[in-house]
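Biologist: I would like to learn how to read salt bridges, burial and nonpolar cores from a set of coordinates. Could we go through them one after another?

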Amino acid sequence: MGLTDTIARPRAAKAKASPQASGVPALPLDTIIRGDCIAAMRALPAKSVDMIFADPPYNLQLGGELFRPDGSHVDAVTDDWDKFDSLKHYDAFTRAWLAEAKRILKDDGTLWVIGSYHNIFRVGAAVQDLGYWILNDIVWRKANPMPNFRGTRFTNAHETLIWASMGEKARYTFNYRSMKTLNDELQMRSDWDFPVCGGPERLKKDGVKVHPTQKPEALLYRILLACTQAGDVVLDPFFGTGTTGAVAKRLGRRWIGIEREDDYIAAAQERIAAALPLDESALRTMQSPRSQPKVAFGTIVETGYLTPGAVLTDAKRRWRATVRADGSLLSDCGHTGSIHKLGATLQGAPACNGWTFWHHEGAGGLAPVDTLRQTYLLATQP
């Protein structure tokens, strides 16, 4: 499958029986389950979740407290939930929750796990041992990392995310076109720049961070937009203060959180209650060429997105062509044809994708005429 394909399940073709009708317990949708993540996942039905995002304990193994050069204390992760007696105990815990995650994920579901150098390599080995198939490792490069106050190492300025499917040949959702659109028509890379969570987004109580490792909503926004569709169920077994739930609600996804700390649950509930979902039209996203409905270039002309007489060029402005009333093009050198045929003729090529070859002058400069097709689709889809 090529780089420009979306690997997505056709949602219209999937008729879903209600859990009650099939005898399967109903999922606790849009709910925080209080308790241990492994026990809570065991109570969920098999093959019931579309995506899992996991931000497990990093097992930081911090030795002593850390202070800045001015003597102020560094608010690091010192909570009991991040402490394990040994690497052996941490590995057993990791394999247990990953095994339950694999049981409850649908066959076309995916897993995301985030971690630091303390744990991500051990987690990655367990992911592979349990039969997941790693699709990408993503580097989250922090725009504002905490300095290395002791000056004994490089500043630790990134975390790593693992994205995995259920197996080597498993289908999965990847909204390639949405990611390219989000990235100004460039393929989205595997190195992502986001600042550490701060400002009004950072939850605080009495001036103190509610959670030491709260993730930025922008990070979850990109992940959910890339790998889920509206209505999909996203599970977060280490829910914390509810970043996954808040973003899922905004994007029209269903969510399930698992958390054992009461303070985090209270903060998450308040935060998600205040999250405003996007309206339906805003949730429509760019589609891949494989999954989108067929649209003729003439339709773009008929509906006024391009008017007869408009001038198109290639991206480097080597060739110019005028749009005619029937949707054909007339080049400056006298050649005529469809957007595809004329593009191939001018280049001396056997074929041409006219949607991406021809550009129109938009508000921000030259843009492929495919952007007009996508705009048309967003405006006309039911």
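**Salt bridges, burial and cores**

Modeller: Let us begin with a charged pair, bearing in mind that this is a predicted model: the side chains of Arg189 and Asp191 meet in a salt bridge, with N to O at 2.8 Å.

Biologist: How exposed are the partners, Arg189 and Asp191?

Modeller: Exposure is read from relative accessibility, where over 50% is called exposed and under 20% buried. Arg189 has 59% relative accessibility and therefore counts as exposed, while Asp191, at 37%, counts as partly exposed.

Biologist: Which residues are joined into one network by salt bridges that share partners?

Modeller: Arg42, Glu100 and Arg103 are linked in this way. Across the whole structure, a search finds 20 salt bridges, and one of them, between the side chains of Asp55 and Lys215, has N to O at 2.8 Å.

Biologist: Which parts does the pair of Asp55 and Lys215 tie together?

Modeller: Asp55 sits in the loop between β2 and α2, and Lys215 in the loop between β8 and α5, so their pairing connects parts that are 160 residues apart in sequence. Both Asp55 and Lys215 are buried.

Biologist: Is Asp314, which forms a salt bridge with Arg318, buried or exposed?

Modeller: Asp314 has a relative accessibility of 1% and so counts as buried; in its salt bridge with Arg318, the closest N and O atoms are 2.9 Å apart.

Biologist: Turning to nonpolar cores, how many residues does the largest one have?

Modeller: A nonpolar core is traced by joining buried nonpolar residues through side-chain atoms within 4.5 Å. The largest here has 33 residues, and those with the most contacts inside it include Met51, Trp112, Leu161 and Leu224. Strands β2, β3, β4, β5 and β6, together with helices α5, α6 and α7, each supply at least two of its residues, and α5 gives the most, with seven. Apart from this core lies another, of 30 residues, among them Cys37, Ala40, Phe93 and Ala164.

Biologist: What does Leu224 touch beyond its neighbours in sequence?

Modeller: Leaving aside residues within four places in sequence, Leu224 is in contact with Met51, Val234, Thr244, Val247, Ala248, Leu251 and Arg253.

Biologist: Finally, how should I read a polar residue such as Ser165, and where is it found?

Modeller: One looks at its location, its accessibility and its partners in turn. Ser165 is found in strand β5, and because its relative accessibility is 1%, Ser165 counts as buried. A polar atom of the Ser165 side chain lies 3.0 Å from the backbone oxygen of Gly167. Not counting residues up to four places away in sequence, Ser165 touches several others, including Gly109, Tyr132, Trp133 and Tyr172.

Note on methods. Residues are numbered from 1 along each chain as its sequence is written. This is a predicted model: local features need pLDDT of at least 70, side-chain atom pairs count only at pLDDT 80 or more; totals for chains, interfaces and linings use all residues. Side-chain values use heavy atoms; hydrogens and water are left out. Helices (H or I, at least four residues) and strands (E, at least two) are DSSP runs, numbered from the N terminus. Buried means under 20% relative accessible area, exposed over 50%, partly exposed in between (1.4 Å probe, protein chains only). A polar contact is a pair of N or O atoms within 3.5 Å; within protein, one must be able to donate a hydrogen and the other to accept it, and residues adjacent in sequence count only if both atoms are side-chain atoms. Contact means heavy atoms within 4.5 Å. A salt bridge is a side-chain nitrogen of Lys or Arg within 4 Å of a carboxyl oxygen of Asp or Glu.
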